[in-house]
Amino acid sequence: MRIADFLAGQQVSCEFLTHPPAFTAQNRAKYLHVSGGRVGKCVLLRGPSGFLLAVLPATHRVDLRALSDALGGPARLATGPELAEVFRDCEWGAAPPFGRLYGLETLLEESIPPEAWLVFETHTHAEAVRIRCDDFERLERPRRLRFARRDAGK
């Protein structure tokens, strides 16, 4: 299901934004003139119970050790082929934020405030959606965890 159809069906206030193709969340922030802390980076992970989706600020990295401890077993980044297999209806490398649409548990970095507006990649590298974090949480019902650390270079 396309994100636009999903959000329209849920009557969620959002804004779709087109931009030059961005293959990283930080580039998306740059193209849209948005703080990297307000761009949600979606990362597919393989945990002890299978695949899951982590949502964190573009300025942060997944702390695999902290995440493995929180999940009670090893966690790793998914490979490119695994990403393509899970997100079959997306451009290669794109990871939309609604893991539930793909049968995935979603984790949300606990440092993101519920009242924040977030920008996420959709099914392509040239479209984003801006949505309030509390609306995202209402729809997705992610598990909030502390699993990210600020990227030293950002």
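Which residue caps the N-terminal end of helix 3? In this predicted model, the cap is D63, which places a side-chain oxygen 3.2 Å from the backbone nitrogen of R65.

**Helix 3**

Helix 3 covers residues 64–71, and its buried residues are L67, S68 and L71. When the helix is viewed down its axis, these buried residues fall within an arc of 100°, so they line one face of the helix. R65 and D69 are on the other side of helix 3 and are exposed. R65 therefore appears in two roles: its backbone nitrogen faces the cap from D63, and the residue is exposed.

What do the buried residues of helix 3 pack against? They pack against five strands, namely strand 2 (39–47), strand 3 (50–57), strand 4 (60–62), strand 6 (105–109) and strand 9 (143–145). Just after the helix comes G72, with a positive phi of about 75°.

**Positive phi outside glycine**

Most residues other than glycine have a negative phi. Two residues with a positive value are set out below.

| Residue | Phi | Place | Relative accessible area |
|---|---|---|---|
| Q11 | near 55° | loop between helix 1 (3–9) and strand 1 (14–18) | 74% |
| R141 | near 55° | loop between helix 5 (133–140) and strand 9 | 60% |

Q11 is exposed, and R141 is exposed too. The loop that holds R141 leads to strand 9, one of the strands that the buried residues of helix 3 pack against.

**A buried residue in strand 3**

Strand 3 also appears in the packing of helix 3. Is L53, a residue of this strand, buried or exposed? L53 is buried, with a relative accessible area of 0%. Leaving aside its neighbours within four places in sequence, L53 is in contact with residues including C42, V43, L44, F87, F98 and L107. A22 is 31 residues from L53 along the chain, and the C-alpha atoms of the two are separated by 19 Å.

**Aromatic rings**

How many aromatic pairs does a search of the whole structure find? The search finds four. One of them is formed by F6 and F98, whose ring centres are 5.1 Å apart with the planes at 65°, so this pair is edge-to-face. The pair links distant parts of the chain, since F6 belongs to helix 1 and F98 to the loop between helix 4 (80–86) and strand 6, 92 residues apart. Both F6 and F98 are buried. F98 is also among the contacts of L53.

F120 and F136 form an aromatic pair that is tilted, with 5.1 Å from centre to centre and 40° between the planes. F120 lies in strand 7 (residues 117–121) and F136 in helix 5, so the pair ties together parts that are 16 residues apart in sequence. F120 and F136 are both buried.

Which residues form one aromatic cluster? The cluster is made of F6, F98, F120 and F136.

A ring can also have a charged residue over it. R46 lies over the face of F51, at 4.5 Å from the ring centre.

Notes:
Residues are numbered from 1 along each chain as its sequence is written. This is a predicted model: local features need pLDDT of at least 70, side-chain atom pairs count only at pLDDT 80 or more; totals for chains, interfaces and linings use all residues. Side-chain values use heavy atoms; hydrogens and water are left out. Buried means under 20% relative accessible area, exposed over 50%, partly exposed in between (1.4 Å probe, protein chains only). Helices (H or I, at least four residues) and strands (E, at least two) are DSSP runs, numbered from the N terminus. The arc is that of the directions from the helix axis to the C-beta atoms. Contact means heavy atoms within 4.5 Å. A polar contact is a pair of N or O atoms within 3.5 Å; within protein, one must be able to donate a hydrogen and the other to accept it, and residues adjacent in sequence count only if both atoms are side-chain atoms. Rings of Phe, Tyr and Trp (its six-membered ring) pair if their centres lie within 6.5 Å; planes under 30 degrees apart count as stacked, over 60 as edge-to-face and the rest as tilted. A charge sits over a ring if NZ of Lys or CZ of Arg is within 6 Å of the ring centre and within 35 degrees of the ring normal.
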